Amino acid sequence: MDVVKLVKDKRFINMALILLFTSMALNFPFPHEYPYGETVATALHIPVQTEGIQYVGIAIILFLFVDLYFLV
């Protein structure tokens, strides 16, 4: 009887979980109004947005796409 493995590579599932929790943490509002990613970016003097482009939002979406790649 053949045993079918659900997870073929444990490194990919670990990377997917790390990226998922990272994107969730960057989206978490801390301390009150703004998401944590924007708070960290402004503390490091990184521009959060320029002329309508929000860099933190784009980074979170990229993390989620890479996360889905590793889950597949």
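**Group meeting: a patch, a pocket and one asparagine**

Okay, let's start with leucine 62, which you'll find in helix α3. Before going on, keep in mind that this is a predicted model.

So where does helix α3 run? It covers residues 55-71, and it has a nonpolar side to show us. There's a nonpolar surface patch of about 780 Å² here. Leucine 62 is one of its members, and the others are Ile53, Tyr55, Ile58, Ile61, Phe65, Leu68 and Leu71. Which element gives the most to that patch? That's helix α3, with 7 residues.

Now hold on to Leu71, as we'll meet it again in the pocket. The largest pocket has a volume of about 200 Å³. Going round its lining, you have Leu6, Val7, Lys8, Asp9, Phe12 and Ile13, and then Phe70, Leu71 and Val72. Two elements, α1 and α3, each give two or more residues to that lining. And what sort of residues are they? The lining divides into 7 nonpolar and 2 charged, with no polar ones. So Leu71 belongs to the nonpolar patch and also lines the largest pocket.

Last stop: asparagine 14. It sits in helix α1, which spans residues 10-27. Is asparagine 14 buried, exposed or partly exposed? It counts as partly exposed, because its relative accessibility is 43%, and partly exposed runs between the 20% and 50% cut-offs.

One more thing about asparagine 14, and it brings us back to leucine 71. Along the chain, the two are 57 residues apart. In space, though, their C-alpha atoms are separated by 9.3 Å. Have a look at that pair in the structure above.

How values were computed: Residues are numbered from 1 along each chain as its sequence is written. This is a predicted model: local features need pLDDT of at least 70, side-chain atom pairs count only at pLDDT 80 or more; totals for chains, interfaces and linings use all residues. Side-chain values use heavy atoms; hydrogens and water are left out. Helices (H or I, at least four residues) and strands (E, at least two) are DSSP runs, numbered from the N terminus. Buried means under 20% relative accessible area, exposed over 50%, partly exposed in between (1.4 Å probe, protein chains only). Patches are made of residues with over 30% relative accessible area and no salt bridge: like charges are joined within 9 Å, nonpolar side chains (Val, Leu, Ile, Met, Phe, Trp, Tyr) within 5 Å. Accessible areas come from the Shrake-Rupley method with a 1.4 Å probe; for residues, only the protein chains shown count as cover. A salt bridge is a side-chain nitrogen of Lys or Arg within 4 Å of a carboxyl oxygen of Asp or Glu. On a 1 Å grid over the protein atoms alone, a cavity is a set of points where a 1.4 Å probe fits but cannot get out, and a pocket is an open set with protein on both sides within 12 Å along at least five of seven lines; lining residues have an atom within 4 Å of a point. Grid points are joined across faces, edges and corners, and a volume is the space filled by probe spheres set on the points. Ala, Val, Leu, Ile, Met, Phe, Trp, Tyr, Cys and Pro count as nonpolar, Asp, Glu, Lys and Arg as charged, and the others, Gly among them, as polar.
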